[in-house]
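Visitor: I should like to take a close look at a single part of this structure, namely its nonpolar core. Please set that part in the context of the whole chain as well.

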Amino acid sequence: MNYTRRSFLGAGAAAALIPPRLFAAKKLAGLKIGVTDWNLQKAGKVEAIALARSLGFQGVEVSLGRTPVGDKLPLDNPEIQEHYLREAKAQKFALAGTCLDILHVNFLKNDKLGQKWVADGIPITSKLNARVMLMPFFAKGALETRAEREYVADILKELAPQADRAGVLLGLEDTISAEDNVRIMERSKSSVVRVYYDVGNAVKYGHDPVKEIRWLGKDRIAQFHLKDHNGYIGEGPIDFRPVMAAIADIDFAGFANLETASPSSIEDDMRRNLKAVRGFIEQVQGA
């Protein structure tokens, strides 16, 4: 489509008449707030669905399990998967994603089992209609060297076509910078390999979440984790208002899942953190 200078300026003048609040509200309309099943203390348990819904969340992120059953992931079981789907339908509730938490045991960077688990986790995630599979890289599994990052990228290059066919995004959650994550993504040569952006981890490992979220943009982020270290959201070192503003600015649509501790009680603390996040969203919409 061709634009003249006059039409461009006219469009700009028309846009200027629209209150900023409407822009922000529209952008954040696609953001959904979910919660991790492990922080509900129901990792890999279908009961997490009803609990998350009762607390006011819009989805739950499902653990695929750290202890294999034979040579399979715990959720690599058609009966269990059907149970999840029936319960999600009954509750009219979303399965917001899966977490391949067994990569905390079998590291993708140096363990062939890790590669098997990624391949096995993709069809489970697809069956659950969860769309995003988180792949963690922490502690001894952290991607500390360029060689490790390139090795993982090459594995993902092999597995990405399977994920693409299944409609599953592969989310990198790790300790490294946005730039290093993008290098992995580019080497994998697939748009299904994206960053699973954890705001709390970013700050912990010395990165600027506001700057990185804006730089990455919506097309390179699979999903978000929201947490303020071990404290309540909004009461720790992280200023969540500019974080939510950055998410609004990139027009991200999808889930941001609370991965927050509960020093008091799960029900009370989860409601408290959800209320805080909703409050920050309202502040951005009202700005």
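Which residues of the largest nonpolar core touch the most other members?

Guide: The model is a predicted one. Its largest nonpolar core holds 90 residues, and those touching the most other members are Leu40, Phe57 and Val60. Among the elements of secondary structure, helix α11, residues 266-286, makes the greatest contribution to this core, supplying eight residues. In soluble globular proteins, nonpolar side chains tend to be buried together.

Val60 merits a closer view. When its neighbours within four places in sequence are set aside, Val60 is in contact with Leu40, itself named above, and with Val35, Thr36 and Asp37. Its contacts also include Ala48, Ile49 and Ala52. A further group of partners of Val60 consists of Phe93, Ala94, Leu95, Ala96 and Gly97.

The wider chain provides the setting for this core. Its secondary structure consists of 11 helices and eight strands, and 52% of its 287 residues count as buried. Taking contacts between residues at least 6 apart in sequence, 76% join residues at least 24 apart. The radius of gyration is 19 Å, which agrees with the value near 19 Å that a compact globule of 287 residues would have. Along the principal axes, the C-alpha trace spans about 65 × 45 × 35 Å.

As for the exterior, the accessible surface of the chain comes to about 13,700 Å², and carbon and sulfur atoms account for 51% of it. The chain carries 39 positive and 36 negative charges, whose mean positions lie 6 Å apart.

Technical notes:
Residues are numbered from 1 along each chain as its sequence is written. This is a predicted model: local features need pLDDT of at least 70, side-chain atom pairs count only at pLDDT 80 or more; totals for chains, interfaces and linings use all residues. Side-chain values use heavy atoms; hydrogens and water are left out. A nonpolar core is a set of buried Ala, Val, Leu, Ile, Met, Phe, Trp, Tyr and Cys residues joined through side-chain atoms within 4.5 Å. Buried means under 20% relative accessible area, exposed over 50%, partly exposed in between (1.4 Å probe, protein chains only). Helices (H or I, at least four residues) and strands (E, at least two) are DSSP runs, numbered from the N terminus. Contact means heavy atoms within 4.5 Å. The radius of gyration is taken over C-alpha atoms; the globule rule is 2.2 Å times the number of residues to the power 0.38. Accessible areas come from the Shrake-Rupley method with a 1.4 Å probe; for residues, only the protein chains shown count as cover. Lys and Arg count as positive and Asp and Glu as negative; His and the chain ends are not counted. The place of a charge is taken as NZ of Lys, CZ of Arg, CG of Asp or CD of Glu.
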